[in-house]
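Me: I would like to work through this model in a short series of questions. Please reason briefly before giving each result.

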Amino acid sequence: MAELYPVSPEWEKRAFVDAADYEKTYERSIKDPDGFWGEIGKRLDWIRPFTKVKNTSFAPGKVSIKWYEDGTLNVSANCVDRHLIKRSNQIAIIFEPDDPKARARKITYRELHEEVGRFANVLKAQGVKKGDRVTIYMPMVPEAAYAMLACTRIGAVHSVVFGGFSPDSIAGRIEDCKSEFVITADEGVRGGRKIPLKANIDAALEKCAGVKSVIVVRHVGADVPMKSGRDHWYDEASKGVPTECKPEEMSAEDPLFILYTSGSTGKPKGVLHTTGGYLVYASYTHQLAFDYHDGDIYWCTADVGWVTGHSYVLYGPLANGATTLMFEGVPNYPTTSRFWEVVDKHQVNIFYTAPTAIRALMGAGDEPVKQTSRASLKLLATVGEPINPEAWEWYWRVVGDSRCPVIDTWWQTETGGHMIMPLPGAIPQKPGSATKPFFGVKPELVDAEGKTIEGAGAGNLVITDSWPGQMRTVYGDHARFMETYFSTYPNKYFTGDGCRRDEDGYYWITGRVDDVLNVSGHRLGTAEVESALVSHPKVSEAAVVGYPHNIKGQGIYAYVTLMAGETGDDALRKELVQWVRKEIGPIASPDMIQFAPGLPKTRSGKIMRRILRKIAEDDFSNLGDTSTLADPTVVTDLVDNRQNRQ
Ligand code: WT7
């Protein structure tokens with residue numbers, strides 16, 4: 001039996017939702033989604049109020065998702081303008097730079113309003129129009145927030161690409177959404193190391209056509225080449241530009257942003273989120289999951305290049321008039337106390353990070369934590385991957401001094417916001433369990449045949465009805481959207497995750513059941529890493545699987561077959577790691593490379609990953625039936641090699 005961490009009486013009182021509210025509201029939200037979400041939708045400022053709420057179908061071949069479809073609104077007006085009456089001098093964004101000795105910046109809502117308006121006018125002057133796609137490749141600086149909000153102000157659709165992705169990856173994303181505009185910075189800096197953002201954009205633009213304009217924010221003052229006619233320094237382009245820019249009236253179902261994410265096959269998909277439902281869901285979940293009250297200082301450590309940065313650094317908090325902290329750095333620079341020093345420095349009340357960071361810091365011991373006060377902390381939260389109970393317990397006891405609830409939030413790029421998590425005033429926590437569904441979320445477990453599993457049990461996690469934050473389509477490819485998420489189990493959204501439900505109805509996510517890896521909370525397709533490997537001239541074939549990794553959660557294990565006549569040695573291993581970094585980005589670096597004379601294949605030529613996974617996990621006892629393999633001796637070779645290497 002997992003240990004139960006009850007809701008303290010103090011939290012029951014403080015929180016927006018207690019146990020009784022949760023039960024009642026959950027039931028109502030499921031029975032009457034129109035009534036429920038109709039009320040919740042009013043938390044935003046609408047230009048033309050909606051009269052329709054939910055219009056969704058998961059029916060095979062006809063998947064269509066619309067929320068608040070006849071309403072109109074503007075996201076930047078909801079995240080900025082509407083707070084000017086009450087909070088113009090309140091801090092909207094605290095910026096903590098990579099170097100702790102550099103100056104932190106605090107941006108009020110009034111200043112944010114000016115910055116967003118100015119940025120929007122610069123975009124307009126560059127020719128950006130409603131519906132245009134704008135690629136944003138930025139460090140974690142307030143200008144990234146201005147740029148994103150500026151897009152929403154004029155109805156442009158942003159596609160933020162994480163600063164760790166390679167020129168090839170950027171080019172692919174620019175091409176896929178036919179983006180003609182790019183916003184970047186001269187350089188980024190993380191953990192004292194420079195990231196050549198503008199140089200990466202230059203390299204990407206060598207590989208794809210169609211980009212008319214690149215706006216470059218001067219961040220570190222690096223001397224970067226500027227292509228005349230195409231590249232523009234933001235500080236120069238914005239000189240004398242007015243800060244007033246009328247927000248564009250957008251329909252609730254107009255596209256808001258595209259965010260590329262990896263799947264089990266093919267190239268990353270452009271997940272499309274729209275305006276109204278997304279913002280309702282991001283702001284509502286932000287308020288309830290973190291129990292955000294006026295005046296709280298809130299810090300989510302995610303980069304704006306991921307969905308967590310979209311929903312819970314920017315849109316959710318700002319829609320709620322919160323103070324949100326943007327951190328440029330990393331957990332272990334200059335020391336492993338950095339997170340907690342920043343908490344003390346800015347008196348952070350709510351802290352949201354990834355299990356991989358917690359595990360890494362836990363490895364450095366309690367001392368770096370204990371040197372700091374952390375008395376301001378009220379609530380801790382995690383996202384991105386299952387959190388192992390040891391890390392959960394350390395987070396609770398050492399970081400939170402056994403007084404802050406730990407909120408494990410399960411969700412996905414596709415879901416727009418939290419789906420399963422313990423509301424802090426309502427649901428006792430169990431370390432390692434994301435616990436219970438949020439309002440309006442109908443999870444179900446199904447077996448391989450699609451049969452629903454009732455009560456306690458394990459299966460694949462599906463969601464049987466829509467919620468406002470759900471992705472609407474794969475950009476430019478609705479067929480792929482339906483195929484990926486709705487064809488495995490008809491009439492149900494398939495998450496790609498395995499899950500167990502215990503006797504108390506708690507959900508325990510067990511990880512991906514498809515060929516998607518989760519490395520340090522970052523999602524990667526095995527197929528992407530494989531295709532990067534086979535593009536190397538010495539590689540003939542590659543198969544990639546995940547294996548348990550102490551810090552990263554999952555590590556990347558690559559089986560590589562070389563071209564005839566090539567020999568696999570450590571030098572080639574290093575070269576292949578560099579190759580993958582260059583092709584995709586550092587997050588895709590293989591942790592282990594095993595040279596394999598052959599891969600286990602069925603007679604029809606399909607690679608049997610199940611076997612490769614077992615070997616990578618050092619679990620040789622249970623390789624299953626290998627008699628259907630074209631050449632069963634391949635497996636013996638692989639096992640011998642696995643055991644003999646390093
Ligand atoms: C996948 C989604 C959601 C923002 C960050 C990742 C895994 C995410 C949890 C959690 C167990 C989790 C799932 C999911 N995941 N949060 N709290 N417990 N697993 O977004 O890149 O779209 O990845 O991350 O496997 O499917 P993403």
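Me: Which residue follows H6, and what is the sign of its phi?
Reply: This is a predicted model. The residue that follows H6 has a phi near 100°. That residue is Gly127, and the sign of its phi is positive.

Me: Why does the span of helix H6 (residues 109-125) agree with what is expected?
Reply: Helix H6 has 17 residues, and a rise of 1.5 Å a residue is applied. The expected span is 1.5 Å times one less than the number of residues. The span therefore agrees, because the expected value is 24 Å and the end C-alpha atoms of H6 are apart by 24 Å.

Me: How many of the 17 residues of H6 are buried?
Reply: A residue counts as buried if 20 or more other C-beta atoms lie within 10 Å of its own. Among those of H6 that meet this are Tyr109, His113, Arg118 and Phe119. H6 is mostly covered, and its buried residues number 12.

Me: Which strands are the edge strands of the open sheet of 5 strands?
Reply: The order of the sheet is E22-E21-E23-E25-E26, with antiparallel pairing. An edge strand pairs on one side only. The edge strands are E22 (452-453) and E26.

Me: Which residue in E26 stands opposite Arg500?
Reply: E25 and E26 run antiparallel and are joined by 5 bridges. Opposite Arg500, in E26, stands Trp508.

Me: How many residues of the shell around the ligand are charged?
Reply: The ligand has 23 residues around it, with Trp410, Gln412, Thr413, Ile509 and Arg523 coming nearest. Elements that give two or more residues to this shell include helix H12 (307-319) and strand E20 (406-409). The shell divides into 7 nonpolar and 11 polar residues, while the charged ones number 5.

Notes
Residues are numbered from 1 along each chain as its sequence is written. This is a predicted model: local features need pLDDT of at least 70, side-chain atom pairs count only at pLDDT 80 or more; totals for chains, interfaces and linings use all residues. A residue is near a molecule or strand if its C-beta atom, placed from the backbone, lies within 6 Å of it. Helices (H or I, at least four residues) and strands (E, at least two) are DSSP runs, numbered from the N terminus. Ala, Val, Leu, Ile, Met, Phe, Trp, Tyr, Cys and Pro count as nonpolar, Asp, Glu, Lys and Arg as charged, and the others, Gly among them, as polar. Two strands pair if DSSP finds at least two bridges between them.
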